[in-house]
Each structure stands twice: as C-alpha cells, then as structure tokens.
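The following questions and answers examine one protein model, with attention to its pockets, cysteines, strands and selected residues.

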Amino acid sequence: NIKQFLHVSTDEVYGSISEGSWDEQEPLLPNSPYAASKASSDLIARSFFVTHGLDVRITRCSNNFGIYQYPEKVIPLFITNLMEGKKVPLYGDGLNVRDWLHVDDHCRGVSKVLQNGKSGEIYNIGGGRELNNLEITKLILEEMGFDESSIEYVEDRKGHDLRYSVDWSKIRGELGYLPQVKFEDGLRDTIKWYRDNIEWWKPLKNR
C-alpha cells in the first residue's frame with residue numbers, strides 16, 4: 001500500500017567528469033563497486049515506476065557534510081583526528097574535486113521533491129561549491145589552528161574518481177530549490193559540533 005517512494009541516490013552513479021556538470025539525462029557510468037550498487041538501485045526503483053506505475057522519484061545529491069556525520073567521512077575524520085592530536089590522511093595529491101552540499105540543504109531539496117516533484121523524474125541536488133580535498137583540508141586546518149605539517153599524504157584509494165559535478169538547474173527551475181548554507185559557515189558550525197559532542201563520535205571512531 002505504498003503510495004509514493006523517494007529514492008535518495010548519489011552523484012557517484014555518473015562516474016567522473018573532467019569539466020562541466022552532469023544533468024539528469026547523463027548515462028550511468030559508475031566506476032567503484034559502491035557507485036555501481038547505487039546505480040543499480042536507481043534502475044530498480046525506476047523499474048517499479050515503469051512496470052507497476054508506482055510513484056517513484058529519484059534524487060542524486062553531491063557530497064554531504066554537517067553534524068552527526070559518521071567519523072570515517074573526510075570532514076569529520078579530519079576534524080576528530082586533529083582533536084586527538086593525529087595527522088589528517090590526505091589521499092593522493094589531494095586534487096580530487098567534489099561539490100559540497102550541507103545536509104540541511106540536502107534535506108530541503110528532498111522535501112521539495114517529495115512535495116512537488118513529478119513521478120518518474122530524477123532530480124540532482126547540488127551545493128554549488130566545488131572544492132578539492134586539499135582546499136578543504138587547508139580550510140579545516142586554518143579554522144582549527146593547525147598548519148600543513150598536520151597533513152599526511154597517503155596512497156590514493158582504488159576507484160577514486162577525480163571530479164564530480166552535478167547540474168541542479170532542473171530542481172532550481174521546477175521546484176525553486178536553492179542552497180542556503182555557505183560552505184565556510186557550515187564547516188565552522190560542523191567543527192564546533194564535533195568539539196561539543198565528543199561523547200557521540202568517540203565510541204564510533206574507536207570501534
């Protein structure tokens with residue numbers, strides 16, 4: 001008796017893009033097993049719309065950040081490592097680029113698709129701020145009072161796509177979505193939250 005199903009996916013399903021941005025019509029070319037599993041779930045969700053007429057809507061977001069993010073992700077990992085007196089492990093040359101989306105803006109986008117999106121449609125949700133990992137690392141170090149001696153360059157991970165970038169003009173034009181949280185403000189609030197909530201992340205990190 002499900003009347004509506006919203007499937008939250010990721011920009012990783014598109015693969016890697018050297019320039020420009022993907023719109024929702026781009027083919028799915030995932031490069032990692034994780035991204036391939038997400039792409040397959042997109043297709044399964046879509047099949048229920050086509051075959052059974054279920055009201056299915058799909059969102060594909062860019063990289064999320066914010067409070068309550070598990071500490072294995074890059075931003076909370078780096079914040080908590082510095083709090084623990086450890087270095088921050090930066091993959092490869094640190095030049096992998098992502099579009100960063102505050103979790104509150106992501107939720108706003110999902111809500112708009114739930115309320116006014118069209119059945120069978122796909123909507124990219126972006127944050128509008130592209131940064132490479134080295135730039136993010138430097139922002140975190142500066143905000144927390146550390147310098148680049150705290151960076152430890154490590155071997156790049158397998159299947160690490162160089163750049164993701166979504167074109168979110170569709171959700172902006174059709175549903176009025178606009179990101180509201182400036183990256184620097186969101187990062188500052190996130191750092192403060194992890195500083196104030198050690199009892200939440202410490203047990204997760206030490207498992």
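**Pockets, strands and selected residues**

Q: Which element gives the largest share of the lining of the second largest pocket?
A: In this predicted model, the largest share of the lining of the second largest pocket amounts to five residues. The element that supplies them is helix 1.

Q: How much space lies in the second largest pocket, and which residues are closest to its centre?
A: The space in the second largest pocket is about 270 Å³. Its lining is made up of 17 residues. Two or more of the lining residues come from each of helix 1 and strand 2 (55-61). Closest to the centre are Glu24, Arg46, Arg60, Gly120 and Ile122.

Q: How many residues of the lining of the second largest pocket are charged?
A: The lining of the second largest pocket includes eight nonpolar residues and two polar ones. The charged residues of this lining number seven.

Q: How much space lies in the largest pocket?
A: The lining of the largest pocket consists of 31 residues, with Glu12, Asn63, Lys73, Val74 and Arg157 nearest the centre. These lining residues divide into 13 nonpolar, 11 polar and seven charged. The space in the largest pocket is about 930 Å³.

Q: Which elements each supply at least two residues of the lining of the largest pocket?
A: Among the contributing helices are helix 1 (33-52) and helix 2 (74-83). The strands that do so include strand 1 (4-10) and strand 3 (63-65). The full set is strand 1, helix 1, strand 3, helix 2, strand 4 (88-91), strand 5 (97-102) and helix 3 (103-116).

Q: How many disulfides does a search of the whole structure find?
A: A disulfide requires a pair of cysteine sulfur atoms within 2.5 Å. For cysteine 61, the nearest cysteine sulfur is that of cysteine 107, 10 Å away. Cysteine 107 in turn has the sulfur of cysteine 61 as its nearest, and is in no disulfide. The number of disulfides found is zero.

Q: Is cysteine 61 buried or exposed?
A: A residue counts as buried under 20% relative accessible area. Cysteine 107, at 47%, is partly exposed. Cysteine 61 has a relative accessibility of 8%, and therefore counts as buried.

Q: In what order do the three strands of the open sheet stand?
A: The pairing in this open sheet is parallel. Strand 1 and strand 6 (122-125) each have a single partner strand and so stand at the edges, with one side of each left without a neighbour in the sheet. On average, neighbouring strands are turned by 20° against each other, direction ignored. The order is 1-2-6.

Q: Which residue in strand 6 is the bridge partner of cysteine 61?
A: Strand 2 and strand 6 run parallel and are joined by four bridges. Arginine 60 has asparagine 124 opposite in strand 6. From strand 6, Ile122 and Asn124 point one way, Tyr123 and Ile125 point the other way, and all are buried. The bridge partner of cysteine 61 is isoleucine 125.

Q: Which residue in strand 8 stands opposite valine 88?
A: The side chains of strand 4 alternate, with Val88 and Leu90 buried on one face, while Pro89 and Tyr91 point to the other and are not buried. Strand 4 runs parallel to strand 8 (residues 151-154), and four bridges join the two. Opposite valine 88 stands isoleucine 151.

Q: What phi does tyrosine 68 have?
A: Most residues other than glycine have a negative phi. Tyrosine 68 lies in the loop between strand 3 and helix 2. This tyrosine 68 is partly exposed, at 49% relative accessibility. Although tyrosine 68 is not a glycine, its phi is positive, about 65°.

Q: What distance separates the C-alpha atoms of glycine 15 and asparagine 31?
A: Glycine 15 belongs to the loop between strand 1 and helix 1. With 0% relative accessibility, glycine 15 counts as buried. Glycine 15 and asparagine 31 are 16 residues apart in sequence, and their C-alpha distance is 5.7 Å.

Q: What distance separates the C-alpha atoms of glutamate 143 and isoleucine 79?
A: Glutamate 143 is located in helix 4 (residues 133-144) and is partly exposed, at 34% relative accessibility. Along the chain, glutamate 143 and isoleucine 79 are 64 residues apart. The separation of their C-alpha atoms is 9.9 Å.

Note on methods:
Residues numbered from 1 in each chain as written. Predicted model: local features only at pLDDT ≥ 70, side-chain atom pairs only at ≥ 80, totals over all residues. Heavy atoms only, no water. 1 Å grid on protein atoms, 1.4 Å probe; cavity = no way out; pocket = protein on both sides within 12 Å on 5 of 7 lines; lining within 4 Å. Points joined across faces, edges and corners; volume = space filled by probe spheres on them. Nonpolar A, V, L, I, M, F, W, Y, C, P; charged D, E, K, R; others polar. Buried < 20%, exposed > 50% of the residue type's maximum accessible area, 1.4 Å probe, protein only. Pairing = 2+ DSSP bridges. Axes fitted to C-alpha atoms, helices over the stretch in contact; angles between N-to-C directions.
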